[in-house]
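The following exercises concern one predicted model. Each sets a task and then works through its solution step by step.

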Amino acid sequence: MKTLSCQSNVIYAFSKNNTPILTVDSGETIEIETYDCFENQVKSNETHLEKIDWDKINPATGPIFVNGAGKGDTLKVTINKIEIGNQGVIATGNGIGVLGDELKEMTMKVVPIENNHALFNDQLKIPLNPMIGVIGVAPENEDVSCGTPNSHGGNMDTKLIKEGATLYFPVFTEGALFALGDFHAAMGDGEVGGSGLEVPGKATVQLEVIKNNSIKHPVIENEDGLVFLMSDNTLDEAISKVTKKAVYFLVERTELTIEDATLLLSVAGQAEVSQVVNPLVTARFIIPQYVLDSYQIKFMS
Ligand code: CA
Ligand code: ZN
């Protein structure tokens with residue numbers, strides 16, 4: 001198995017002009033090491049915030065060129081394993097997150113991680129849900145900062161992007177140029193303060209090219225069903241577009257009319273919020289597995 005170190009192998013923007021640092025064949029499994037979103041600059045509660053280089057935020061390890069991937073294909077990414085470091089950092093402050101207009105100063109908290117819990121303080125242990133914040137491919141048009149999500153993936157900060165999940169990305173450029181970073185040991189839906197429990201880590205992923213099967217936005221497949229992801233300027237727009245996407249997905253693959261599919265998802269579907277704090281916000285819509293099974297729908301076939 002190939003291993004990719006983060007040392008001198010990071011990008012700060014997804015771009016079709018990035019130079020690949022590794023080439024793999026479709027079907028290969030790779031171990032990828034990542035910095036935390038501060039590029040491991042916050043070592044302890046004594047780290048001086050003035051000393052942090054704010055240009056080194058949200059590094060993603062990559063990009064990886066996947067042989068055979070071309071425009072109009074889909075990149076399937078199976079997350080076999082996520083390993084995380086033994087401490088994390090949470091940050092918020094003036095201008096950051098939902099409370100950004102009420103917070104006075106930048107606040108960071110370094111938190112030890114032990115026995116599958118984050119030790120928030122003496123009384124409180126938070127259960128972990130390790131996940132990947134930034135993951136995606138080169139976008140179709142101009143470069144996109146690793147802090148922003150969009151149809152190429154990027155900073156989607158979605159807690160369902162975790163061990164055991166399979167992701168699908170549209171491929172916009174030759175080789176797809178896949179990269180990932182920004183792991184969270186734990187994060188709540190919304191990521192309301194602007195950060196998760198930020199940790200360095202290592203992910204084992206399998207990359208596969210699905211030829212001539214194009215999607216427009218990232219999709220997650222997990223034990224609960226199919227999760228459509230959409231990033232947009234406002235939560236209203238993101239929820240509306242991702243809901244319509246799920247309804248039309250059923251209309252195209254079943255005998256259901258748009259009215260019937262709407263009735264069905266109004267009762268059985270889940271519209272959920274991934275994050276509301278990045279330059280574009282991210283919403284998701286879940287079609288449960290039993291609905292897919294009833295209509296014998298396989299996402300990629
Ligand atoms: Ca993030
Ligand atoms: Zn993060």
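**Exercise 1. Determine how helix 1 and helix 2 are oriented to each other, and describe their contact.**

Solution. Helix 1 and helix 2 are oblique to each other, a class that takes the angles left over when those under 35 degrees count as roughly parallel, over 145 as roughly antiparallel and 65 to 115 as roughly perpendicular. Helices (H or I, at least four residues) and strands (E, at least two) are DSSP runs, numbered from the N terminus.

Step 1. Two packed helices are described by the angle between their axes and the distance between the axes. For helix 1 (residues 235-253) and helix 2 (residues 258-268), the axes cross at roughly 125 degrees and come within 9 Å. Axes here are lines fitted to C-alpha atoms, for helices over the stretch in contact, and angles run from 0 to 180 degrees between N-to-C directions.

Step 2. The crossing of helix 1 over helix 2 is right-handed; that is, the near helix is turned clockwise from the far one by less than a right angle, whereas an anticlockwise turn would make it left-handed.

Step 3. Helix 1 supplies Ala246, Val247, Tyr248, Leu250 and Val251 to the contact, and helix 2 supplies Ile258, Ala261, Thr262, Leu264 and Leu265. Contact means heavy atoms within 4.5 Å.

Step 4. Sorted by class, the residues in this contact are nine nonpolar, one polar and no charged. Ala, Val, Leu, Ile, Met, Phe, Trp, Tyr, Cys and Pro count as nonpolar, Asp, Glu, Lys and Arg as charged, and the others, Gly among them, as polar.

**Exercise 2. Characterise the environment of Val247 in helix 1.**

Step 1. Val247 has 8% relative accessibility and therefore counts as buried. Buried means under 20% relative accessible area, exposed over 50%, and partly exposed in between (1.4 Å probe, protein chains only).

Step 2. Not counting residues up to four places away in sequence, Val247 touches Ile258, Ala261, Thr262 and Leu265.

Step 3. Val247 and Phe285 are 38 residues apart along the chain, and their C-alpha atoms are separated by 9.8 Å.

**Exercise 3. Which protein atoms are the donors of the calcium ion (ligand 1), and which residue also coordinates the zinc ion (ligand 2)?**

Step 1. The calcium donors are Asn155 (OD1), Asp157 (OD), Asp157 (OD) and Asp182 (OD), at 2.2 to 2.5 Å from the ion. Donors are N, O and S atoms within 2.8 Å of the metal (3.2 Å for Na, K and Ca); water is not among the atoms, so sites may look incomplete.

Step 2. The spacing of the donor residues in sequence is N-x1-D-x24-D.

Step 3. Asp182 coordinates both the calcium ion (ligand 1) and the zinc ion (ligand 2), which are 3.2 Å apart. Because Asn155 lies in strand 15 (residues 153-155) and Asp182 in strand 17 (residues 178-184), the pair ties together parts that are 27 residues apart in sequence.

Step 4. Asn155 and Asp182 are both buried.

**Exercise 4. Locate the backbone features at Pro63, Asn58 and Gln296.**

Step 1. Gly62 and Pro63 are joined by a cis peptide bond, with omega about 0 degrees. Pro63 belongs to strand 6 (residues 60-66).

Step 2. Asn58 is not a glycine, yet its phi is positive, near 55 degrees. This residue, Asn58, sits in the loop between strand 5 (29-34) and strand 6, and its relative accessibility of 12% counts as buried.

Step 3. Gln296, also not a glycine, has a positive phi of about 50 degrees. The segment after helix 3 (289-294) holds Gln296, which is exposed at a relative accessible area of 74%.

**Exercise 5. Is Ser145 buried, partly exposed or exposed, and which residues does it contact?**

Step 1. Ser145 lies in strand 13 (residues 144-145). Its relative accessible area of 39% makes Ser145 partly exposed.

Step 2. With neighbours within four places in sequence left aside, Ser145 is in contact with Tyr12 and Ala13.

**Conventions.** Residues are numbered from 1 along each chain as its sequence is written, while chains are lettered from A and ligands numbered from 1 in the order in which they are written. In this predicted model, local features need pLDDT of at least 70, side-chain atom pairs count only at pLDDT 80 or more, and totals for chains, interfaces and linings use all residues; side-chain values use heavy atoms, with hydrogens and water left out.
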